[in-house]
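Biologist: Could you take me on a close look at a single part of this protein? I would like to see how one buried spot ties in with the strands and spaces around it.

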Amino acid sequence: MGSSGDPGPVDKSVLYDQENHISSAIWEGQERNVLRCHEHTSMLEQWRLTPKQIELVEKAGFGYFTMIPTISLDNALISALVERWRKETNTFHLPVGEMTITLEDVALILGLPIDGKPVMGVTRPAGKMYENLLGKVPEDLTGGMLKLTWLKERFSKCPEDAPIEEIERHTRAYLLYLVGCTIFSTTTGNKVSAMYLPLFKNFDEAGKFAWGAAALAFLYRALGNASLKSQSTISGSLTLLQCWSYYRLNVGNPKFNQEPNDGFFPLALRWKGRATGPRSNSNIVTYRKALDSLQPSNVKWLPYKDLNYSPELEDIKESLILRASETVLICFDKAERHLPDRCLRQFGMFQPIPKDVQRWERKIRFSDQGLDETKETILQLKGKNQAELKEWIDRRRRIIPYEKIVDESMYMEWYDRITRKFVGRPESLESEFQRIVTAMREIADIADSLSNDEIGFRDRQSLDEIKNTALSSLMDVVEGSKRSRRKIATKRKREDDPSPTTGKDVALDVWMY
């Protein structure tokens with residue numbers, strides 16, 4: 001993809017904000033280390049829902065979503081993915097082309113509805129609303145934010161024999177806590193915006209909102225903010241981001257103890273009980289290098305093509321047509337473009353050169369009267385806001401038609417000019433060699449730390465084979481390094497110099513060090 005000395009973009013018409021992107025700082029040697037990731041799913045396990053509460057949660061559209069267990073976040077992987085995100089296009093810029101998280105990914109991984117009314121409403125609820133919807137007024141309410149701990153301490157256990165009004169109040173508190181811990185988590189780390197609470201006043205009506213589309217709008221915004229070199233935190237549905245990577249990219253994926261059974265849903269359940277936490281030997285530099293050298297063979301363009309749909313998922317299946325809708329995703333004042341035309345290979349289509357991205361109004365201003373999908377309401381909106389909201393209303397009329405066969409080499413030639421080719425500087429031969437040497441030493445240390453009394457004869461044989469394989473690999477690296485040096489060395493005679501050390505000698509010296 002062009003000269004290794006220039007990371008790009010050569011043509012800055014697409015990635016016009018490169019100067020403020022984290023990749024510029026990294027290229028100049030200014031590491032910001034791993035992002036602080038704000039998602040608090042572990043605390044959800046302390047809530048105990050009654051059967052009636054579970055029924056209300058399902059009506060509100062969160063039945064499948066609540067089935068997802070806590071998945072430990074790999075902060076280094078998330079941070080490396082953020083380095084590849086571009087808010088100018090709402091896509092990841094990877095060596096193989098652009099990819100993104102689409103409405104399809106949200107529906108299948110999280111089980112949230114992606115079709116319905118835009119998630120909007122009253123932004124500054126009045127004090128009386130808390131009394132009506134929760135039965136209590138928060139003690140510390142600043143800036144329209146509620147403390148998650150306040151909700152948990154007062155509503156996490158609903159009495160089985162509670163009257164329906166009290167059950168509904170506890171359930172509203174749970175739903176507010178749920179979204180505040182997950183899809184709408186904030187960088188404050190311990191608060192949730194009160195503006196979501198009125199949306200749970202009527203549970204049947206709550207189920208008509210496109211929660212999945214709002215979650216994706218929120219995550220797009222969070223990714224865009226975190227991709228700036230001035231930021232150090234990220235929020236939103238990081239479980240979605242991480243699981244998307246697991247499904248799409250062969251980078252940092254956890255190993256299965258046993259293959260999962262078919263029929264699990266949401267698809268995030270695929271990693272239930274897996275060792276998906278931070279890995280001691282998988283740091284951000286390792287992931288960055290893996291993404292910088294990503295090959296087409298490491299990408300799963302169609303990870304869901306063999307998915308079996310159970311009868312109860314037919315409604316979700318029907319809404320998946322929106323995966324290819326060029327529309328605007330809305331979450332209250334956030335408006336983010338969904339641009340599947342830049343990632344058509346994710347739908348089994350050929351990828352032509354996409355059209356230019358028109359800059360859009362990312363902040364929506366509206367009255368506190370709420371919003372429905374009627375034509376009259378849309379016509380009351382003014383200026384650019386009307387255009388963005390109307391795109392969501394017209395989402396089914398904005399679906400990309402199946403593309404005829406195109407020459408994708410033309411796309412890659414164009415992409416090579418407009419993208420950031422790599423984030424990290426190419427590693428020198430010496431530093432790569434030292435990294436491999438360090439890894440070999442770690443293998444040797446682990447093997448030698450186990451005494452014959454701790455392991456059996458066969459295990460000792462296996463460890464010896466691992467050491468020998470590592471030694472052989474190290475010798476190959478040394479020989480490759482020497483061959484590379486000989487190619488670029490000057491052709492002068494060195495008859496007076498002593499004979500160089502052989503690759504085997506170097507490898508043995510390193511191994512015994």
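Modeller: Here is a walk that starts at one arginine and moves outward from there. Please keep in mind that this is a predicted model.

Let's begin with Arg342, which sits in the loop between strand S9 and helix H13 (375-380). Is Arg342 buried or exposed? Its relative accessible area is 2%, and since buried means under 20%, Arg342 counts as buried. Its side chain makes a polar contact of 2.8 Å with the side chain of Glu98. In sequence Arg342 and Glu98 are 244 residues apart, yet their C-alpha atoms lie 6.5 Å from each other in space. Setting aside neighbours within four places in sequence, Arg342 also touches a number of other residues, among them Val14, Thr89, Thr91, Tyr411 and Trp414. Gln351, Pro354, Lys355 and Val357 are on that contact list too.

Glu98 leads us to a sheet, as strand S4 covers residues 97-99. The sheet is open and has 3 strands in the order S2-S3-S4, paired antiparallel. S2 (85-86) and S4 are the edge strands with a single partner each, so one side of each has no neighbour in the sheet. S3 (residues 91-94) pairs with S2 through 2 antiparallel bridges, and Phe92 in S3 is the bridge partner of Trp85. Thr91, one of the contacts of Arg342, falls within the residue range of S3.

Residues of this sheet also turn up around enclosed spaces. There are 2 cavities of 30 Å³ or more. The largest holds about 40 Å³, and its lining includes Arg84, Arg86 and His93, along with His21 and Arg420. By class, that lining has 1 nonpolar, 3 polar and 4 charged residues. The second largest cavity has about 30 Å³, and Arg86 and His21 are found in its lining as well, together with Asp17, Lys87, Glu88, Ser227 and Leu228. Here the classes come to 1 nonpolar, 2 polar and 4 charged residues.

Finally, let's go back along the chain to the strand that comes before the loop of Arg342. S9 (residues 334-338) runs antiparallel to S8, with 5 bridges between them, and Ile330 faces Ala335 in S9. S8 and S9 make a hairpin with 2 residues between them, where Phe332 in the turn has a positive phi of about 55°. All of S8 (residues 327-331), 5 of the 5 residues, is buried, so the strand is largely enclosed by the rest of the structure.

Definitions and conventions:
Residues are numbered from 1 along each chain as its sequence is written. This is a predicted model: local features need pLDDT of at least 70, side-chain atom pairs count only at pLDDT 80 or more; totals for chains, interfaces and linings use all residues. Side-chain values use heavy atoms; hydrogens and water are left out. Two strands pair if DSSP finds at least two bridges between them. Helices (H or I, at least four residues) and strands (E, at least two) are DSSP runs, numbered from the N terminus. On a 1 Å grid over the protein atoms alone, a cavity is a set of points where a 1.4 Å probe fits but cannot get out, and a pocket is an open set with protein on both sides within 12 Å along at least five of seven lines; lining residues have an atom within 4 Å of a point. Grid points are joined across faces, edges and corners, and a volume is the space filled by probe spheres set on the points. Ala, Val, Leu, Ile, Met, Phe, Trp, Tyr, Cys and Pro count as nonpolar, Asp, Glu, Lys and Arg as charged, and the others, Gly among them, as polar. Buried means under 20% relative accessible area, exposed over 50%, partly exposed in between (1.4 Å probe, protein chains only). Contact means heavy atoms within 4.5 Å. A polar contact is a pair of N or O atoms within 3.5 Å; within protein, one must be able to donate a hydrogen and the other to accept it, and residues adjacent in sequence count only if both atoms are side-chain atoms.
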